[in-house]
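Reader: I am new to this kind of picture and would like to learn how to read it. Could you take me through a few features, one at a time?

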Amino acid sequence: MQKKNRTTYGLSDRYIGKLQKDIILNILIVLVFYGVFNVMFMQNEGYETTIRYVLIVLFAVVGVAVIYSDVIRVRNNMAIHYELTEEALEYYTAKQKMRYPWKDFHAVVVNKNKIGLIYPYEFQTAQGNFTLHKRVADPEELIPAILKRVRPYAQIDPEIPDCFQPREETWLKNARRRI
């Protein structure tokens, strides 16, 4: 169920789920390394008295650090989102908020050097240039919504496909266009 006039776009649920699964995989990796080191040092002389306890403490600390860093990474990525307001595009991360007023947009261009992005569209504003996060959910909705709002102020690159260009929605306007 999608809202017609959606204003908030976060990162995709699939990507967030992948980050959450990474926590479990990283725990398993730490446990495997603990087992390997345990087997490697089992034949040594001081294993029962010293080495065994050092390995337990060392891998417990590493495990807690890995879990903590993964949880922070998931939390930070869950905080990333774009919000479309009447006055501006607002980009939120876990640590900051960037505000790009619609009137400050100069151009939207295709940047062919951004090969890692599905939609390599660069938005040029008075505050600087930016591209959308590569894991944003529903870019097919977000890009036309942005283009619709910046069209009066910015030049739109003709290489941006028609599917992202905002269209007039009423049948009367469509009929006038055909005439």
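Reader: Let me start with a single residue: in which helix does Ile51 lie?

Author: Welcome! This is a predicted model, where local features need pLDDT of at least 70 and side-chain atom pairs count only at pLDDT 80 or more, while totals for chains, interfaces and linings use all residues. Residues are numbered from 1 along each chain as its sequence is written, and side-chain values use heavy atoms, leaving out hydrogens and water. Helices (H or I, at least four residues) and strands (E, at least two) are DSSP runs, numbered from the N terminus. Ile51 lies in helix α2, residues 47–79.

Reader: And how many helices and strands does the protein have?

Author: There are four helices and eight strands. Starting at the N terminus, their order is β-α-α-β-β-β-β-β-β-α-β-α.

Reader: Is Ile51 partly exposed or buried?

Author: Buried means under 20% relative accessible area, exposed means over 50%, and partly exposed is in between (1.4 Å probe, protein chains only). Ile51 counts as partly exposed because its relative accessibility is 22%. Of the protein's 179 residues, 34% count as buried.

Reader: Which residues is Ile51 in contact with, leaving aside neighbours within four places in sequence?

Author: Contact means heavy atoms within 4.5 Å. With those neighbours set aside, Ile51 touches Phe41, Asn44 and Gly46. You can also follow C-alpha distances: Asn38 is 13 residues from Ile51 in sequence and 8.7 Å from it in space.

Reader: What makes up the nonpolar surface patch?

Author: Patches are made of residues with over 30% relative accessible area and no salt bridge; like charges are joined within 9 Å, and nonpolar side chains (Val, Leu, Ile, Met, Phe, Trp, Tyr) within 5 Å. A salt bridge is a side-chain nitrogen of Lys or Arg within 4 Å of a carboxyl oxygen of Asp or Glu. Areas come from the Shrake-Rupley method with a 1.4 Å probe. Here Ile24, Leu25, Ile27, Leu28, Leu31, Ile67 and Val71 make a nonpolar patch of about 600 Å². Helices α1 (13–41) and α2 each give two or more residues to this patch, and the largest share, five residues, comes from α1. Leu28 is in α1 and counts as partly exposed because its relative accessible area is 46%.

Reader: Which residues form the positive surface patch?

Author: Lys and Arg count as positive, and the charge is placed at NZ of Lys or CZ of Arg. Arg14, Lys21, Lys134 and Arg135 form the positive patch. Look for Arg135 in the loop between β7 (128–131) and α3 (139–150).
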